[in-house]
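Hi there,

Here is the structure I promised to pass on to you. Have a look at it first, and then read on for my notes on what turned up.

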Amino acid sequence: MMTNNDNIKEHMYLMAEIRKNGYAVRSFRDYSDFLSQIDCVGKTVNKTDVLVDSRYSAQLTSQEAMSAHTDDASVDIIAWYCQSPASEGGESVCVDTRRLPILNDPVGSEKLTQIMVKRPREDDWTKAQLWPLLNRRRVYYAPWLVDREGLREEQEDLLGRFEKELGEVEKYTVKLGESDALFIDNRRILHGRNSFSENESVRRLVRHWVVI
Ligand SMILES: [Fe+2]
């Protein structure tokens with residue numbers, strides 16, 4: 001059984017790895033073991049079951065691939081705990097934006113702060129507000145939420161460069177097994193998913209949005 005000291009030590013290693021690489025994978029005894037680590041990381045502001053549900057058209061509840069994006073701009077860390085992996089596919093795909101040349105180019109990154117991405121308003125989630133794609137090295141991006149209509153020609157070119165680099169950069173792919181968890185820094189790492197099939201087992205993850 002883990003003592004409180006073990007938990008704190010584990011937490012220090014986990015956060016150091018996330019700071020260094022932007023993500024970390026851990027195996028847990030069970031979900032309550034995972035929860036005690038999550039409590040050390042920060043406050044869970046949203047918890048969602050991720051599983052196929054044909055009643056909804058959202059990508060999150062489908063078996064389709066999902067392109068790289070961040071979740072809401074208020075979320076610091078996302079953690080997925082795997083209750084059951086898909087029979088085939090369903091790997092998580094991570095992209096480290098710090099590896100993009102455009103983010104290491106002072107002129108390019110300055111201009112990215114002027115490209116706006118839609119996000120639900122905090123006081124009313126049915127309404128959208130605009131949020132910068134880049135804000136003090138913090139990335140907020142989903143291809144389907146970029147305010148493309150509001151872009152000037154120069155900004156369109158810049159967004160094209162950002163998206164081209166996203167497509168070309170090396171990606172980290174992880175297939176979570178039962179009781180494994182993936183932690184990512186949502187301010188830095190974009191995440192996506194490969195498509196999957198569920199012949200023998202049903203893919204079921206629990207996603208925590210954590211604020212530090
Ligand atoms: Fe997501």
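Helix α1, residues 4-21, packs against helix α2, residues 31-41, at an angle of about 65 degrees. The axes of α1 and α2 are 10 Å apart. Please keep in mind as you read that this is a predicted model. A pair of packed helices is described by the angle between the axes and by the distance between them. The crossing of α1 past α2 is right-handed.

Which residues meet where α1 and α2 come together? From α1 there are Asn-7, Ile-8, Glu-10, His-11 and Leu-14, and from α2 there are Ser-36, Gln-37, Cys-40 and Val-41. Sorted by class, this contact has four nonpolar, four polar and one charged residues.

Next, the overall layout. The chain is divided into domain 1, which covers 4-97 + 169-211, and domain 2, which covers 101-168. If you measure between the C-alpha centres of domain 1 and domain 2, you get 23 Å. Where the two domains touch, 12 residues of domain 1 are in contact with 12 residues of domain 2. On the domain 1 side, strand β3 (residues 66-69) gives the largest share, three residues. The classes on that side of domain 1 are five nonpolar, four polar and three charged residues.

Strand β3 also leads us to a sheet. In what order do its four strands stand? The order is β3-β13-β6-β11, in an open sheet with antiparallel pairing. Both β3 and β11 (172-174) are at the edges with a single partner strand each, so one side of each has no neighbour in the sheet. From one strand to the next, the twist averages 20 degrees.

Strand β6 (residues 92-96) is a good one to follow by eye. β6 runs antiparallel to β11 and is joined to it by three bridges. Two residue pairs that you can look up there are Val-93 with its bridge partner Thr-173 in β11, and Cys-94 with its bridge partner Tyr-172 in β11. β6 is also joined by five bridges to strand β13 (residues 189-193), again running antiparallel. In β13, the residue opposite Val-93 is Gly-192. Val-93 therefore makes a handy landmark, with Thr-173 in β11 as its bridge partner and Gly-192 opposite it in β13.

Now for some single residues, beginning with Trp-209. You will find Trp-209 in strand β15 (residues 204-211). Is Trp-209 buried or exposed? Trp-209 counts as buried, because it has 20 C-beta neighbours inside 10 Å and a residue is called buried at 20 or more. Setting aside neighbours within four places in sequence, the contacts of Trp-209 are Thr-44, Val-45, Asn-46, Asp-71, Val-75 and Ile-78. His-11, which you met in the contact between α1 and α2, is 198 residues from Trp-209 along the chain, and their C-alpha atoms are separated by 17 Å.

Two arginines are worth a look for their backbone. Arg-136 is in the loop between β9 (134-135) and β10 (138-139), and Arg-137 is found in that loop between β9 and β10 as well. Phi of Arg-136 is near 50 degrees, a positive value in a residue other than glycine. Arg-137 is not a glycine either, yet its phi is positive at about 65 degrees. How many other C-beta atoms lie within 10 Å of Arg-136? There are 7, so Arg-136 is exposed. Arg-137 has 11 C-beta neighbours inside 10 Å and therefore counts as exposed too.

The last residue on my list is Gln-129, which lies in strand β8 (residues 124-132). With 14 C-beta neighbours inside 10 Å, Gln-129 counts as partly exposed. Apart from neighbours within four places in sequence, Gln-129 is in contact with Arg-119 and Arg-121. Between the C-alpha atoms of Gln-129 and Glu-156 there are 20 Å, and the two are 27 residues apart along the chain.

Happy browsing, and do write back with any questions!

Best wishes

Conventions
Residues are numbered from 1 along each chain as its sequence is written. This is a predicted model: local features need pLDDT of at least 70, side-chain atom pairs count only at pLDDT 80 or more; totals for chains, interfaces and linings use all residues. Domain bounds come from an automatic or database domain assignment. Two residues are in contact if their C-beta atoms, placed from the backbone, lie within 7 Å. Ala, Val, Leu, Ile, Met, Phe, Trp, Tyr, Cys and Pro count as nonpolar, Asp, Glu, Lys and Arg as charged, and the others, Gly among them, as polar. Two strands pair if DSSP finds at least two bridges between them. Axes are lines fitted to C-alpha atoms, for helices over the stretch in contact, and angles run from 0 to 180 degrees between N-to-C directions. A crossing is left-handed if the near helix is turned anticlockwise from the far one by less than a right angle, and right-handed if clockwise. A residue is buried if 20 or more other C-beta atoms lie within 10 Å of its own, exposed if 12 or fewer, and partly exposed in between; C-beta atoms are placed from the backbone.
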